[in-house]
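Visitor: I have a model open and would like to learn how to read it. Where do we begin?

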Amino acid sequence: MATFLYRLGRGAFRRRRLVALIWVALLFVAGFGAASASAPTSGSFSIPGTEAQKAFDLLDKKFPGMAADGATARIVIKAPAGAKVTDPGTKTQVEKIVEDLKSGPGKDQISSVADPYQAQAVSQDGSTAFISTKYKVSGMELTDQTREALKDSGKEAQAQGLTVEIGGDALMAAPETGSGEIIGILVAAIVLVITFGSLIAAGLPLLTAVIGVGIGVSSITALANVLDLGNTTATLATMIGLAVGIDYALFIVSRYRAELAEGREREEAAGRAAGTAGSAVVFAGLTVVIALVGLAVVNIPMLTKMGVAAAGTVVIAVLVALTLVPAILGFAGRKVLPAGEKSKLFGKGKGKGKGETAGTEQKANGGTRWARFVLRRPVMVLLAGVIGLGVIAIPASKLEMGLPDDGAQPVSTTQRQAYDMLSDGFGPGFNGPLMVVVDGDKALADRTVDRIKGLDGVAAVMPPMPNEAGDAAMISVIPKDRPSSAQTEDLVHTIRDGSGGDVMVTGATAMNIDFSQKMNDALLPYLALVVGLAFLLLMLVFRSILVPLKAALGFLLSVVAALGAVVAVFQWGWLGSVFGVEQTGPIMSMMPIFMVGVVFGLAMDYEVFLVTRMREAYVHGERPGQAVVTGFQYSARVVVAAAVIMIAVFGGFMGASDQMVKMIGFGLAVAVFFDAFVVRMAIVPAVLALLGHKAWWLPKWLDRLLPNVDVEGESLRRHLEDGTGSSDGPDKDRELVNA
């Protein structure tokens, strides 16, 4: 592989104009497709195999045209202190809202509007009422006209002194990240300038990453409606694509500069950078792709599509690093180096410059000093890292999972205020009614109502609503507790346990419960699949059993610690104000499995880049301890920079208005911090120091079975030394003129 990538890198460098033109053309085509496509919807949400999904499917069959999965809205009206919503003047205002919704803009998308005085939607004390509105399409498919009509529906009543707030998913909008992404990119730019000491070298990874993400996200946008991709898919692809795109380009540019420092011609340096660091990029990218595509094991179409789309963006980032980065290095010329190094490498005293540079490379830098410290005290460093992460992981044992509802919205939003008004006026259960679907006649529906009324945790049971054929009915059940409470979950299970196959529970609350259970059930199989495949991949890379095992165990430690931090901040509220968490609650149910997938792939980036340099030194004859020092000498600074960049990119998404995006950004940023700075920079060298030669042991029979992918470039070195490949022969002056 190293030899192939070496030739690819040299070819891209030599034909840089053609390569750059191809990538720019791809960006233009993808951008044109995105601009021409209609706005993406929220994507259909289904959970195959669950009772809630079966009930929804039955509703579509028995109640045609009902749009069971359509958007809903609740306009909550509260009378001033001392007044009631049943007062004649107030009642007139409420009924006007109902009529305006039925006849106003967006009426074509409305399925039904319930008059609160006829639907028993007035609180016992008469202070509050709510208007339930059902739409034919999902929240993201509502037109701007319909959404604005909903927002404006209560303005006249508000002017008369009533309090009007709107809840439900009809106001759902694509998550806004604000300036977070820009801040993340600015931090990345600063880190790159400090790392490289050159504006050109710093700008190159940013430029190529933006091109790669632009192509990936534009393609997702162009195909969103065709493939039924959710509106959060592009956000996830942007988050991951930016992080890995910058990192992969950083790895290539860093190795290119190191090759130049050893006196090689620019084209040769680009080829060798692609053959060595490029090999690490390929396998690091493969681990990310495996982790993302592996989300399909959960068997939730929305999650599968998100994973595959994000994996596609990662593949583009790898291809950009292997082709576009060498091409742009060809355009950059000597500007990719700091001024001091340019004069040494390209000044009049070429030989002296080369020697000085080589000597400079041998000086003990921060990575070298840290590695030597760890080698002197491996047990202490190992225990400190493991115990520290173990303590941080403790809150993960109290993890409570669910899906966010309006109660998790910021207190300043109308959705949250409507949620609180419903809880105060009717009880918390009104924010998450259960829909019981009866596949049978009226007698079965009546028996079901009588049974549910006698259950603990039930606040109210509405009369059954039969379909036209009389062979099915819907029953609305109001729990006593809030939708995300354990008591409501117990009530759902109790109704299901006492019913036959003809009675099913669905609705948003039941769907959330089933979703969380499905995620729990899939976690261990997914973990086994992803870690197992990545273990085999890393065994190919490192020709070792213990190194991949150590990598997997280190990852598990960092991801559990990150989950502990997420629980402490988002569930318990520790430092919540610092991170913009206005409302604590259960952790999003997809968070554990999502973090396992994404963080595992990203964590392997550092493992592959750092340890392949150690493996390269070991294969070339260095002793195990010295190989660790060499790996840190050449890679520590780059790994630290890459980690800081990734943390900045993920942390930037914490400014999102959407609680899910905010939580994902925080979780990924913390996980990368733990994995890069504690696991890879401390625990990894400590374990390798304790293992010595055993770290690189592989049974001979297994060594013969495994294909040699040559990530460390040993076959490439022999290929070049034998004279079968290109060496440093091209005329340097001609290269400088062309630059």
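Guide: This is a predicted model. Begin with a strand pairing: Val-436 has Val-505 of β10 as its bridge partner. Strand β6 (residues 434-438) pairs with β10 in the antiparallel sense, over four bridges.

Visitor: Which way do the residues of strand β10 point, and are they buried or exposed?

Guide: The general idea comes first. Side chains in a regular strand alternate between the two faces of the sheet. Now the case here. In β10 (residues 503-506), Val-503 and Val-505 point one way. Met-504 and Thr-506 point the other way. All four residues named are buried.

Visitor: How do I read empty space, and how many cavities of 30 Å³ or more does a search of the whole structure find?

Guide: Roll a probe the size of a water molecule over the atoms, and the empty space left shows up. Here the search finds six cavities of 30 Å³ or more. The second largest holds about 60 Å³ of space.

Visitor: Which residues line the second largest cavity?

Guide: The lining is Thr-232, Thr-235, Leu-236, Met-239, Met-306, Met-660, Val-661 and Ile-664. Helices α9 (233-261) and α23 (659-691) each supply at least two of the lining residues. By class, six are nonpolar, two are polar and none is charged.

Visitor: Let us try a loop residue. Why does Asn-467 count as buried?

Guide: Asn-467 sits in the loop between β8 (465-466) and β9 (473-479). Asn-467 counts as buried because its relative accessibility is 9%, and the cut-off is under 20%.

Visitor: What does Asn-467 touch?

Guide: Leaving aside residues up to four places away in sequence, Asn-467 touches Lys-62, Phe-63 and Ala-472. The Asn-467 side chain also makes a polar contact with the side chain of Asp-471, at 2.7 Å.

Conventions. Residues numbered from 1 in each chain as written. Predicted model: local features only at pLDDT ≥ 70, side-chain atom pairs only at ≥ 80, totals over all residues. Heavy atoms only, no water. 1 Å grid on protein atoms, 1.4 Å probe; cavity = no way out; pocket = protein on both sides within 12 Å on 5 of 7 lines; lining within 4 Å. Points joined across faces, edges and corners; volume = space filled by probe spheres on them. Nonpolar A, V, L, I, M, F, W, Y, C, P; charged D, E, K, R; others polar. Buried < 20%, exposed > 50% of the residue type's maximum accessible area, 1.4 Å probe, protein only. Polar contact = N/O pair within 3.5 Å; in protein donor to acceptor, adjacent residues only side chain to side chain. Contact = heavy atoms within 4.5 Å. Pairing = 2+ DSSP bridges.
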